[in-house]
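Here is a walk through one protein model, piece by piece. Keep the sequence and the 3D view open as you read.

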Amino acid sequence: MVAIYTLIVRIYGLLIRMASFWNEKARLWVEGRKEVFAFLEKSLLPTDRIIWIHCSSAGEFEQGKPVIEKLRLEYPDHKILISFFSPSGYKVALGYKYADLICYLPLDTPTNATKWLHTLHPELVIFVKYEFWYHYLKALYTSEIPTLLISAVFRQSQVFFKRYGAFYRRILTFFQTIFVQDQLSRDLLQQIEIQNVDISGDTRFDRVVTIAEQFEELPGIAAFIKSEPVLVAGSTWEDDEDCLATINDLKLILAPHEINEAHLATIERKFPGSQRYSRFLETGKAGRVLIIDNIGMLSRLYHYATLAYIGGGFTKDGIHNILEAAVYGKPAIIGPNYAKYREAVELIDRGAAFSLAQKQGLANLINSLIKEPEKYRQSGRLGYDYVQEHRGATVKIVSFIQENRLLTR
């Protein structure tokens, strides 16, 4: 099975290289890995004490930030290296002040794993939520380097719990401890005899609370809103934008998931008279719809919302981070595909969020919230309280590291 896995990984790498001739994301994936080892050898000294944190993409990076920042505070003499699988995560992380080094993770082959650990010599390794790379994790286990998985979620449908999942179950044994978000995940792992499990909760709660507590005004947004009701729609896909195009009686701030020129132009056609944020800052002129054409503002945009719309619910992958809106006490609206997101299910059960079965129902749902002030206020308060109740995962994880002396000062 190891040989089959390695062959599949190599084929995947070959397909990405082929796709890089016409696909921009694939090209970045390939180009970013070409000089990784040279970069590390130039940047690291044999005496450096390294904490390596791996994130698949931008979402996992956000999830990892509270732990990264706490480790930076507690262990200032260590260097923190953050690796990424996806270009979207890597691009977002560039310039992040709490990391010493940011790079792509080379393809998971035995040679790369051995060379990576020899170059990095990490004292502690943390994988955030997903990604189970056999050769890297096996090399870490064999080298007796403490390796944690944090903010993980497991579901019965995953390969670990299938009859043919023995190979992937073995990968889980390479972690010293797996920190899961909930009891269900722990129960599933224990059913397959994975005992090194602790319930910590989800570090995203800590992250959104920190963002809200450190809120800073965004240029031009208050001037665009002018104290009028506004729907802030975050991480939207084309289906979401079709849904939002049915709304014409309140202002809309739309932050699309993809901000390439083709997608922005499509949005402009769907929303006649709309203005891009970058142009609005130059001209001060905008109609009813403002299109955010940069990355990094969304978590603060929800502060200005009357209502929030969380994108992704009409795609097979599901919704984006609903907690970013809930922390500000803003009622959230999502599409129908949210079942695998525990926080969305629980917010809906509490009455703090609302799901659309069909795109055509958005206008009626918005009206029902805005025209019922008590329902609106209660929904926002329930969402805010939910986030506050679930804080604390970061403290649990870092306390475990300290109590078990996985790092020393």
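**A walk from the far end inwards**

R405 sits in the segment after α20. Its phi is positive, about 50°, although R405 is not a glycine. R405 also counts as exposed, at 61% relative accessibility; here exposed means over 50% relative accessible area, buried under 20%, and partly exposed in between, with a 1.4 Å probe and protein chains only. Before going on, a word on ground rules: this is a predicted model, where local features need pLDDT of at least 70 and side-chain atom pairs count only at pLDDT 80 or more, while totals for chains, interfaces and linings use all residues. Residues are numbered from 1 along each chain as its sequence is written, and side-chain values use heavy atoms, with hydrogens and water left out.

K226 is another residue with a positive phi, about 55°, that is not a glycine. Look for K226 in the loop between α11 (221-225) and β8. K226 counts as exposed, at 59% relative accessibility. As for the element names, helices (H or I, at least four residues) and strands (E, at least two) are DSSP runs, numbered from the N terminus.

Follow the chain from that loop into strand β8 (residues 230-236), and the surroundings are mostly covered: 7 of its 7 residues are buried. β8 pairs with strand β9 (residues 251-256) in the parallel sense, over 6 bridges; two strands pair if DSSP finds at least two bridges between them. One spot to click on is V230, whose bridge partner in β9 is K251.

Now for the open sheet. What is the order of its 7 strands? They run β3-β2-β1-β4-β5-β6-β7, with parallel pairing. β3 (101-104) and β7 (197-199) stand at the edges with a single partner strand each, so each has one side left without a neighbour in the sheet. On average, neighbouring strands of this sheet are turned by 20° against each other, direction ignored.

Zoom in on the β3 edge. Strand β2 (residues 79-84) runs parallel to β3 and is joined to it by 4 bridges. Across that pairing, L81 stands opposite L101, and S83 stands opposite C103. L101 and C103 point one way from β3, I102 and Y104 point the other way, and all are buried.

C103 is worth a second look. Is C103 buried or exposed? It counts as buried, at 4% relative accessibility. C55 is buried too, with a relative accessible area of 0%. Why don't C55 and C103 form a bond? The sulfur of C55 is 11 Å from the closest cysteine sulfur, the one in C103, and that is too far. C103 is in no disulfide either, its nearest cysteine sulfur being that of C55. With a disulfide taken as a pair of cysteine sulfur atoms within 2.5 Å, the count comes to 0 disulfides.

On to the helices. Two packed helices are described by the angle between their axes and the distance between the axes. Helix α4 (residues 58-74) and helix α10 (residues 203-213) pack at about 80°, and their axes are 7 Å apart. The axes are lines fitted to C-alpha atoms, for helices over the stretch in contact, and angles run from 0 to 180 degrees between N-to-C directions. α4 and α10 are therefore roughly perpendicular to each other; angles of 65 to 115 degrees get that label, under 35 is roughly parallel, over 145 roughly antiparallel, and the rest oblique.

Which residues meet there? From α4 come E62, Q63, K65, P66, V67 and E69, and from α10 come T203, R204, D206, R207 and I211. They divide into 3 nonpolar, 2 polar and 6 charged. Ala, Val, Leu, Ile, Met, Phe, Trp, Tyr, Cys and Pro count as nonpolar, Asp, Glu, Lys and Arg as charged, and the others, Gly among them, as polar.

T394, in helix α20 (residues 393-403), ties in here. Leaving aside neighbours within four places in sequence, T394 is in contact (heavy atoms within 4.5 Å) with P66, V67, K70, T203 and D206. T394 is buried, with a relative accessible area of 8%.

A last stop is N367, in helix α18 (residues 362-370). N367 is partly exposed, with a relative accessible area of 26%. N367 and D249 are 118 residues apart in sequence, and 9.8 Å apart in space, C-alpha to C-alpha.
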